[in-house]
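Visitor: I have this one open on my screen and would like to go through it with you. Please keep the definitions short and give me the cut-offs as we go.

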Amino acid sequence: MPAKNNTSVPGVLQVAVAAPAHSDLPALLSYSSEQPLAAGSLVRVPLGSREVLGIVWDAPDLSSLAAAPPATATLKPIEAALPELGHLSSAWRQLLAFSARYYQRSLGEVALAALPPQLRELDALQLARRLKKPARAFTPAADSLAASPSLTSSPTLTDEQTQALADFFAPSQQPGLLQRPALLMGSTGSGKTEVYLHSVARVLQGSPTAQALVMVPEINLTPQLEARFRARFTQECIVTMHSGMTPAQRLSSWLLAHSAQARIILGTRMSIFASAPHLALIIVDEEHDASYKSQDGARHSARDLAVMRAKLETENGHSCQVLLGSATPSLESWQACEQGRYLRLQMHQRIGQARLPQLRLADMRVLPRGTLFAPPLLAALQEVVARGEQALLFLNRRGYAPVLACDACGWKSECPHCSAYRVFHKSDRSLRCHHCGHTERVPRACPECGNIDIAPLGRGTQKLEEQIALALIDVKQADGNALRILRIDADTTKLKGALQAQLAQVHAGEVDILVGTQMVTKGHDFRRISLVAALDADAALFSSDFRAPERLFALLMQAAGRAGRDASASAAQMWVQTRNPGHPLFAALAQHDYEGYARAQLQERAQAQLPPFSYQALLRAEARSQEVAQAFLQDAFAAAQAMTNTMTGDKANTGITVYPPVPMSLQRVADVERAQMLVEGSARGALQAFLAAWLPQLRSFKRKGLIRFAVDVDPLQI
Ligand code: ADP
Ligand code: ZN
Ligand code: ZN
């Protein structure tokens with residue numbers, strides 16, 4: 001690995017600065033420096049007319065450079081070194097270098113984006129001032145720093161929890177080799193979080209400096225996790241990292257982790273790049289969740305990087321273990337267990353003998369068209385309410401109705417800027433585009449023909465809330481009071497703290513029926529919910545995306561997992577309203593049979609040579625017109641074909657398949673036209689080599705009207 005080579009020219013520093021991918025700047029810029037600075041040091045350097053933050057990078061291996069190193073005299077000097085900040089570890093630098101290489105971005109862009117924004121923006125003086133302010137709020141009393149984590153409030157572990165921990169910490173079967181990543185496959189409610197808490201405790205006790213990183217997919221889940229960790233580790237400095245924090249908070253958390261004062265870091269996907277010099281454990285909760293894949297910038301997968309980071313930390317001399325957890329692991333991770341690359345830890349039992357809910361399918365084909373709730377579901381809801389328990393109804397569409405339409409002329413509430421309909425929001429009588437934000441008041445009459453009878457089609461959570469209230473209008477609580485229905489979705493939780501307040505209401509039993517989007521289906525430990533109903537799951541059954549069934553299965557299993565978490569509640573039920581009750585997905589769901597489902601899915605994937613049996617990358621282009629987007633991709637396609645031809649020579653196969661460009665399924669967003677093309681490789685290495693040779697060529701394919709292009713390696717949505 002060249003990153004280890006430190007044969008630098010005296011006085012010359014290689015510095016990574018934020019330079020966009022596909023710009024013509026080299027990955028590292030050379031600067032002169034009077035003092036020698038270790039790799040990983042933070043510096044401020046001139047770049048054009050600006051002064052920017054940079055990271056001193058390992059000197060490249062000179063023997064591999066054709067050109068002579070630049071003479072010191074021609075180089076600009078660094079402006080300021082920031083010694084107070086210490087340096088970024090070599091494992092951290094290798095992680096960032098890997099990420100840039102693997103996701104085909106520039107090193108500087110990726111590395112600098114991984115630092116908190118304030119660190120990049122403040123000048124040397126401001127930073128020095130900022131560093132003098134201790135982050136008191138986060139720091140525990142000094143005398144307690146050495147104390148071991150308190151485990152007093154821990155419950156007695158179940159046999160399965162004990163076994164999982166023993167296996168996870170068992171010394172490696174092959175001494176001298178890396179510990180394999182572990183996948184904790186535990187049913188919803190089997191007590192995975194407790195295993196995380198114990199793993200962290202154990203690692204922190206094992207070494208006075210060790211740090212642990214615990215990731216969750218959603219920012220919503222951080223307060224709950226934070227509360228559990230703070231309650232357990234009262235003596236430790238714990239920091240959080242997620243996008244909802246102010247720049248000052250982010251800098252503060254970052255500094256505490258970087259200086260190793262914080263021993264526990266809790267965060268969303270961004271926290272995978274936290275600087276933590278003594279990282280000994282990384283936990284990825286709900287590892288299957290698509291939120292771990294970033295949807296912009298480098299589009300990295302924080303889950304995959306967690307596995308890589310543990311490996312790099314270990315290679316750099318201090319062992320770091322990684323624990324992935326889920327009730328419904330990604331097929332990639334499951335396959336890795338099947339192949340023995342990951343260690344599988346299983347927990348089948350729910351805590352306290354609580355049973356998983358029974359699946360009830362409501363066959364909507366036998367009911368009159370337009371039926372909103374199957375009668376047996378309504379009856380079951382009444383019983384739940386009568387028993388003083390709670391129900392959760394979920395629908396993956398917020399707003400009142402997904403489209404407003406005119407019966408007379410066929411007008412629909414299309415967004416003028418996107419190839420999508422604007423959603424009708426009844427509360428403020430607006431039409432809102434969920435893609436570009438375009439918002440207008442609902443017209444009094446059809447804008448095309450003047451018909452005043454324009455009507456909402458379909459339903460979103462707002463309408464569901466209204467409909468269920470109407471359907472159960474005569475139903476009262478056990479004590480005769482009116483039913484309490486609460487809706488939780490992105491619209492009800494815009495204000496800071498709103499979600500927490502709403503969840504608290506549910507936990508306190510102040511709600512009988514909870515209506516929501518998938519936001520409420522994951523992770524939450526609801527104690528009183530005994531019925532969960534998915535009202536419209538059919539669309540996902542027939543999606544063209546090959547991952548849609550995997551996602552739907554996980555969603556329904558996770559949703560079911562919110563029910564019956566308390567053994568004292570009566571038998572829990574999971575309802576699905578569907579027009580396809582015979583679909584094999586439901587048979588597996590009824591058995592809570594993730595394994596059977598995973599096996600069947602993997603067989604299909606193997607036959608079709610789809611991931612994880614092949615590797616994919618998407619090249620996406622955005623342009624003023626669809627023609628330009630596609631023309632650019634056509635050029636790229638031609639270049640790729642030329643390459644695969646020459647790469648093939650007279651040998652059989654490069655293992656690379658390039659598919660022709662197509663418009664994206666959501667073709668236009670905010671007046672930008674989008675198209676994409678898929679590249680598939682039979683091996684990761686082959687795909688990587690191909691991308692590295694192909695993408696740099698695209699920079700010269702200039703087209704008028706082209707806005708940008710980007711590659712998505714291991715895309716989750718096609
Ligand atoms: P999961 O993350 O697997 O869905 P949790 O870790 O949230 O499950 O655990 C479910 C519930 O069981 C939580 O309320 C937790 O406090 C409780 N719990 C976990 N382990 C134990 C245990 N060994 N004994 C008693 N209660 C436990
Ligand atoms: Zn009309
Ligand atoms: Zn729009």
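Visitor: What kind of site does the zinc ion (ligand 2) have, judging by the angles among its four donor atoms?

Guide: The site of the zinc ion (ligand 2) is tetrahedral, with angles of 104 to 114 degrees among its four donor atoms; four donors earn that word if all angles lie between 85 and 135 degrees. This is a predicted model, in which local features need pLDDT of at least 70 and side-chain atom pairs pLDDT 80 or more, while totals for chains, interfaces and linings use all residues. Residues are numbered from 1 along each chain as its sequence is written, chains are lettered from A and ligands numbered from 1 in the order written, and side-chain values use heavy atoms, without hydrogens or water.

Visitor: Which residues coordinate that zinc ion (ligand 2)?

Guide: Cys406, Cys409, Cys446 and Cys449 coordinate the zinc ion (ligand 2), each through its SG atom, at 2.2 to 2.3 Å. A donor is an N, O or S atom within 2.8 Å of the metal (3.2 Å for Na, K and Ca). Along the chain, the donor residues of this ion are spaced C-x2-C-x36-C-x2-C. Cys406 and Cys449 link distant parts of the chain, 43 residues apart, with Cys406 in strand 15 (residues 403–406) and Cys449 in the loop between strand 18 (439–441) and strand 19 (454–457). Strands here are DSSP E runs of at least two residues, and helices are H or I runs of at least four.

Visitor: Are those two, Cys406 and Cys449, buried or partly exposed?

Guide: Cys406 is buried, with a relative accessible area of 3%, whereas Cys449 is partly exposed at 39%. Buried means under 20% relative accessible area, exposed over 50%, and partly exposed in between (1.4 Å probe, protein chains only).

Visitor: OK, and the zinc ion (ligand 3), what are its protein donors?

Guide: The zinc ion (ligand 3) has the SG atoms of Cys415, Cys418, Cys433 and Cys436 as its protein donors, lying 2.2 to 2.4 Å from it. Its site is tetrahedral, with angles of 106 to 113 degrees among the four donor atoms, and the donors follow the spacing C-x2-C-x14-C-x2-C. Here Cys415, in the loop between strand 15 and strand 16, and Cys436, in the loop between strand 17 (430–432) and strand 18, link distant parts of the chain that are 21 residues apart. Cys415 counts as buried at 3% relative accessibility, while Cys436 is partly exposed at 29%.

Visitor: And what would the ideal angles be for four tetrahedral donors?

Guide: The ideal value for four tetrahedral donors at a metal is 109.5 degrees.

Visitor: Changing topic, how many salt bridges are there?

Guide: The count comes to 37 salt bridges, where a salt bridge is a side-chain nitrogen of Lys or Arg within 4 Å of a carboxyl oxygen of Asp or Glu. Glu440 and Arg422 form one of them, at 2.9 Å from N to O. Because Glu440 lies in strand 18 and Arg422 in the loop between strand 15 and strand 16 (423–425), this pair ties together parts that are 18 residues apart in sequence. Arg422 is buried at 5% relative accessibility, and Glu440 is partly exposed at 38%.

Visitor: What does Glu338 pair with?

Guide: Glu338 forms a salt bridge with Arg599, the closest N and O atoms being 4.0 Å apart. That pair links helix 10 (residues 331–338), which holds Glu338, to helix 17 (residues 594–608), which holds Arg599, across 261 residues. Both ends are partly exposed, Glu338 with a relative accessible area of 37% and Arg599 with 43%. Arg599 also meets Glu595 in a salt bridge at 3.8 Å, N to O; these two both lie in helix 17, four residues apart, about one turn of the helix. Glu595 is partly exposed at 24% relative accessibility. Elsewhere, salt bridges that share partners join Arg398, Asp428, Arg432, Asp491 and Lys494 into one network.

Visitor: Last one, how many residues surround ligand 1?

Guide: There are 18 residues around ligand 1, and the closest are Thr156, Gln161, Gly189, Lys192 and Asp525; a residue counts if one of its heavy atoms lies within 4 Å. Helix 6 (residues 192–206) supplies the largest share of that shell, three residues. A backbone N or O atom of Thr156 lies 2.7 Å from a nitrogen atom of ligand 1. Oxygen atoms of ligand 1 lie 2.6 Å from a polar side-chain atom of Asp525 and 3.3 Å from one of Arg527.

Notes. Tetrahedral: all angles 85-135°; square planar, octahedral: opposite > 155°, others 65-115°. Polar contact = N/O pair within 3.5 Å; in protein donor to acceptor, adjacent residues only side chain to side chain.
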